[in-house]
Amino acid sequence: MKKMNSGALKLELLCKGIRIDESVQPEREGRALTKIRAGLGSGLEMILPDDLYCNIPVVESFARRSPFTLVKRNGSLLICRDEKELCPVRLAQKPKWYDYKTSTGRPMPEVGSMQGTTLAFYPTEVCGFWRMEPRVNCRFCATGINVSDAALPTVDEVMEVCRAARDEGTTFCHFNAGFYAGRELDLIKPFVEAVKRKTRLLVGVQAPPQKDLSKYDELIDAGTDHFSFCYEFHNPKVFQDICPGKDTHLGQKAFFDAMEYTTSKMGKGRNSGEIIAGIEPLEDTLSAIDYITAVGAFPTICVFRPVQGTDMDKYPSPTYEDMVLVYRHMYEACRDNSIPTGIAPNIKTSLVVLPYEGRYFRRGFGVSDAVYSVKLGIMRAAFRTYYRSRLILG
Ligand code: SF4
């Protein structure tokens, strides 16, 4: 029998979603449906064969027409395609700390949440683009809908959640900030400093680009391991139309300058350019991948999801066939530019097909694939030894 291509399945599920049979009660058996404050997440966190995490759309209207169904038979969860059994799957489980409270009495899931195996925080107020009159938010974004009125988490509360998550195997936490007119990294810095001092988790920061590039030096000195730059679209006209706030108050070039600066300081494969595939013409997405990998960063590519309640919720989800071309190009561009991917331990993101998952889309396995694969294997082993020794010494 032909082996299942789990990466291709993940991508197809991201594009088409899944229907849930009444034999399955996901809210009882796994994590609740995610309501992620920014971006494109809204789905059911599942673990596919090969241990691939996937946040699968279920509530958007296109998911109701999906050929995939999640069913339970003889106590096992299965994905069916056109009613035929395809493969067994698992729901991502709630970590134990989701039932804990911080010492201030706050439920820990109000402070942070798991996305795949990474711990995500959005410790700042709703993005400024949603507050402007008229609002100039990115049109695919759900932050202004998902934001709660709860008080912002303190550094101490975030530390308690980091420790609890680390004790259950989490290795990486991620801080996400909206637009606050140049104050973004100042707001995030105390969190990064505390995480590095007290837990030694790996830390990622996603924030609008700073015009004062020395702010990145401060965050690097504080211990930031990774920056991601969400410039979303390579085509300037699409960027302008879909991201009016980013276009007016930042400009595409600010993203490029910041990504090039941090990559020159931190080295290849440490930072990422985040883009959305499925809205701008395919050739622009491929150009984005070429640009990002040429500067030494890695592409993080979200499949466009028309999240309910956003300005773009009537847009179609992209076709699987187009997305295969995108992720194949991602793999080949990372390989040809020798971009290290998938090096840090236990980082399995559910909302995107990760660069190291691009291998599922390669054509054949030639010499360049073999060389790249060996190189990544050596880097992975070396980094894992280093990371474990830091945890033991810490
Ligand atoms: S910058 Fe855009 S995508 Fe990010 S939170 Fe603000 S409106 Fe949403």
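Buried means under 20% relative accessible area. The close-ups below show parts of a predicted model.

**Figure 1. Strand β10 is covered on both faces.**
On one side of β10 lie Phe172, His174 and Asn176, and on the other Cys173 and Phe175; all of them are buried. With 5 of the 5 residues of the strand (residues 172-176) buried, β10 is largely enclosed by the rest of the structure. Strands β9 and β10 run parallel and are joined by 3 bridges. In this pairing Ala120 stands opposite His174. Strand β11 (residues 202-206) also runs parallel to β10, to which 5 bridges join it. Here Phe175 of β10 faces Val205 of β11.

**Figure 2. Thr118 and its contacts in strand β9.**
Thr118 belongs to strand β9, which covers residues 118-121. The residue has a relative accessible area of 6%, so it counts as buried. With neighbours within four places in sequence left aside, Thr118 is in contact with Ser113, Phe172, Ile347 and Thr349. One of these contacts, Phe172, is among the buried residues of β10.

**Figure 3. An aromatic cluster of three phenylalanines, Phe121, Phe175 and Phe191.**
Phe121, Phe175 and Phe191 form one aromatic cluster. Phe175 is a buried residue of β10, on the side of the strand that also holds Cys173.

**Figure 4. The edge-to-face pair of Tyr231 and Phe256.**
A pair of aromatic rings is described by the distance of the centres and the angle of the planes. Rings pair if their centres lie within 6.5 Å, and planes over 60 degrees apart count as edge-to-face. By this rule the model holds 14 aromatic pairs. In one of them, Tyr231 and Phe256, the distance is 4.9 Å centre to centre and the planes stand at 85° to each other, an edge-to-face arrangement. Tyr231 is in strand β12 (residues 226-232) and Phe256 in helix α10 (residues 252-266), so the pair ties together parts that are 25 residues apart in sequence. Tyr231 has a relative accessible area of 0% and is buried. Phe256, at 17% relative accessibility, also counts as buried.

**Figure 5. The edge-to-face pair of Phe304 and Tyr315.**
The ring centres of Phe304 and Tyr315 are 6.3 Å apart and the planes are at 80°, so this pair is edge-to-face. Both residues, 11 residues apart, are in the loop between β14 (298-303) and α12 (320-336). Phe304 is buried, at a relative accessible area of 1%. Tyr315 is partly exposed, with a value of 36%.

**Figure 6. The shell around the ligand.**
Around the ligand are Tyr122, Cys127, Phe129, Trp130, Asn137, Cys138, Phe140, Cys141, Thr143 and Lys246. By residue class, this shell divides into 7 nonpolar, 2 polar and 1 charged.

**Figure 7. Val136 in the loop between α3 and α4.**
Val136 is placed in the loop between α3 (128-131) and α4 (143-146). Its relative accessible area of 18% makes it buried. Outside its neighbours within four places in sequence, Val136 is in contact with Phe129, Pro244 and Gly245. Phe129 is also one of the residues surrounding the ligand. The C-alpha atoms of Val136 and Asp247 are separated by 9.5 Å, while the two residues are 111 residues apart along the chain.

**Figure 8. An open sheet of 4 strands with mixed pairing.**
The strand order is β1-β4-β5-β6. β1 (19-20) and β6 (84-88) stand at the edges with a single partner strand each, so one side of each is left without a neighbour in the sheet. Strands β4 (residues 68-73) and β5 (residues 76-81) run antiparallel and are joined by 6 bridges. Thr69 has Cys80 in β5 as its bridge partner. Helix α1 (residues 6-16) lies across β4, β5 and β6, and runs at about 110° to β4.

**Figure 9. An open sheet of 3 strands with antiparallel pairing.**
In this sheet the order is β3-β2-β7. β3 (52-56) and β7 (90-91) are the edge strands, each pairing on one side only. Between β2 (residues 44-48) and β3, which run antiparallel, there are 5 bridges. Met46 stands opposite Cys54 in β3. Helix α1 lies across β2 and β3 and runs at about 10° to β3.

How values were computed: Residues numbered from 1 in each chain as written. Predicted model: local features only at pLDDT ≥ 70, side-chain atom pairs only at ≥ 80, totals over all residues. Heavy atoms only, no water. Phe/Tyr/Trp six-rings, centres within 6.5 Å; stacked < 30°, edge-to-face > 60°. Helix = DSSP H or I, 4+ residues; strand = E, 2+ residues; numbered from the N terminus. Buried < 20%, exposed > 50% of the residue type's maximum accessible area, 1.4 Å probe, protein only. Pairing = 2+ DSSP bridges. Contact = heavy atoms within 4.5 Å. Axes fitted to C-alpha atoms, helices over the stretch in contact; angles between N-to-C directions. Near = heavy atom within 4 Å. Nonpolar A, V, L, I, M, F, W, Y, C, P; charged D, E, K, R; others polar.
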